[in-house]
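Let's take a walk through this structure by following its charged side chains. Have a look at the model first, then read on.

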Amino acid sequence: MLSNRAVVVQRFDTENLDAGLALVTKLVPEAEPGHVVVHITLRPVHPTDLNIKRYSTWTSGSFTPGPEGLGIVHEVGEGVTGVVKGQRVVVFFTVENLPNGEGSWQEYVSVREDLIWVVPDSISDEDAAQFVIIPWTVHGMLSDLQVPKGEYVLQTAAGSVLGRQFIQLAKHWGIKTINVVRRAEQKDELKALGADEVICSTDEDVPARVKEITGGKLAYGAVDAVAGELTKQVTASVRDGGQVYIYGVLGGFDAIVGVGDLFRGVCVSAWFVYQELSFPARRRVFIDEVSKLIEDKIIVPTAGETYELADFQLALEKTGQVGRGGKVFLKN
């Protein structure tokens, strides 16, 4: 009889943040009509997963985290026509189906057929396993900013896995990047990757440097993974009427914005990939365009260390390390 090992968040303990996490055995789900049961073999650990054990906005009960993963089709339900047993697929989750608490940090998961993508042979397991959250966020934010060719876009946390893909795609689209990092030693590495300008926020005045780089025009738009105090520097670095997307909370769950920048018409809003995934047409665009970008090596995902599912705590610790390198994975 098959078993289904799963990482679950059973409760939230502010005194011991890891106390509520456990590896348990659950029943293998059955394939309901229109659904596909997938045997998950590889799933990425994202920085947002470090927060999921601290905050639960989607469910009040226990749940299994994990927004995406790679696996093999185990069983198909009645009415499923797009996939067959044994195919290699990517599964992903939206704000509609995450509340049921069935993420990818388990061995078997049941998802709707429209939330599955059949992986072509040209894409590796490691690239496919991280196909959704990071590259779709990069593609979505940069598309929505509508930065003209030759103009500058600013990003924070530029040394992250997402930040590096942002540099790659912007360069491909003819958009110049101003990249904010915390460690000066990252400058040469990002320049070699294709970054146009790199600013170290720990010893440089970000708005002043942006003004210097752009000849006073400031950045056309910006994306911010940090929030907190840094958002004020980001908004001050963007042109009148420019757009700033906040997509991460590395610096805290509050963002400081200068009132003067609001008077200049700078717009600050959240960009949340899970909401974007709720729209089938947007999912189709991401699948079609991002898969080609990965196949053509325009976007090059980076793989780091891989841990057994039972070692999820070690994977979380590694994900939280500064300068850890490529994406951390959990495997069966």
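A salt bridge, as we'll use the term here, is a side-chain nitrogen of Lys or Arg within 4 Å of a carboxyl oxygen of Asp or Glu. Keep in mind that what you're looking at is a predicted model. With that in hand, how many salt bridges does the structure hold? There are 19, and we'll stop at a few of them.

Start with Arg 183 and Glu 185, whose closest N and O atoms are 3.2 Å apart, making a salt bridge. How do these two sit relative to the surface? Arg 183 is partly exposed, at 25% relative accessibility, while Glu 185 is exposed, with a relative accessible area of 55%.

Next, find Asp 261 and Arg 264. Their side chains form a salt bridge too, with 3.0 Å from N to O. Asp 261 counts as buried because its relative accessibility is 11%, and buried means under 20%. Its partner Arg 264 is partly exposed, at 24%.

Now for a pair that links two strands. Lys 331 and Glu 308 meet in a salt bridge at 3.8 Å, N to O. Lys 331 belongs to strand 15 (residues 327-331) and Glu 308 to strand 14 (residues 303-308), so this pair ties together parts that are 23 residues apart in sequence. Both ends are partly exposed: Lys 331 has a relative accessibility of 34%, and Glu 308 has a relative accessible area of 34%.

Finally, salt bridges can share partners. Here that joins Lys 187, Glu 204, Arg 209 and Glu 212 into one network.

How values were computed
Residues are numbered from 1 along each chain as its sequence is written. This is a predicted model: local features need pLDDT of at least 70, side-chain atom pairs count only at pLDDT 80 or more; totals for chains, interfaces and linings use all residues. Side-chain values use heavy atoms; hydrogens and water are left out. Buried means under 20% relative accessible area, exposed over 50%, partly exposed in between (1.4 Å probe, protein chains only). Helices (H or I, at least four residues) and strands (E, at least two) are DSSP runs, numbered from the N terminus.
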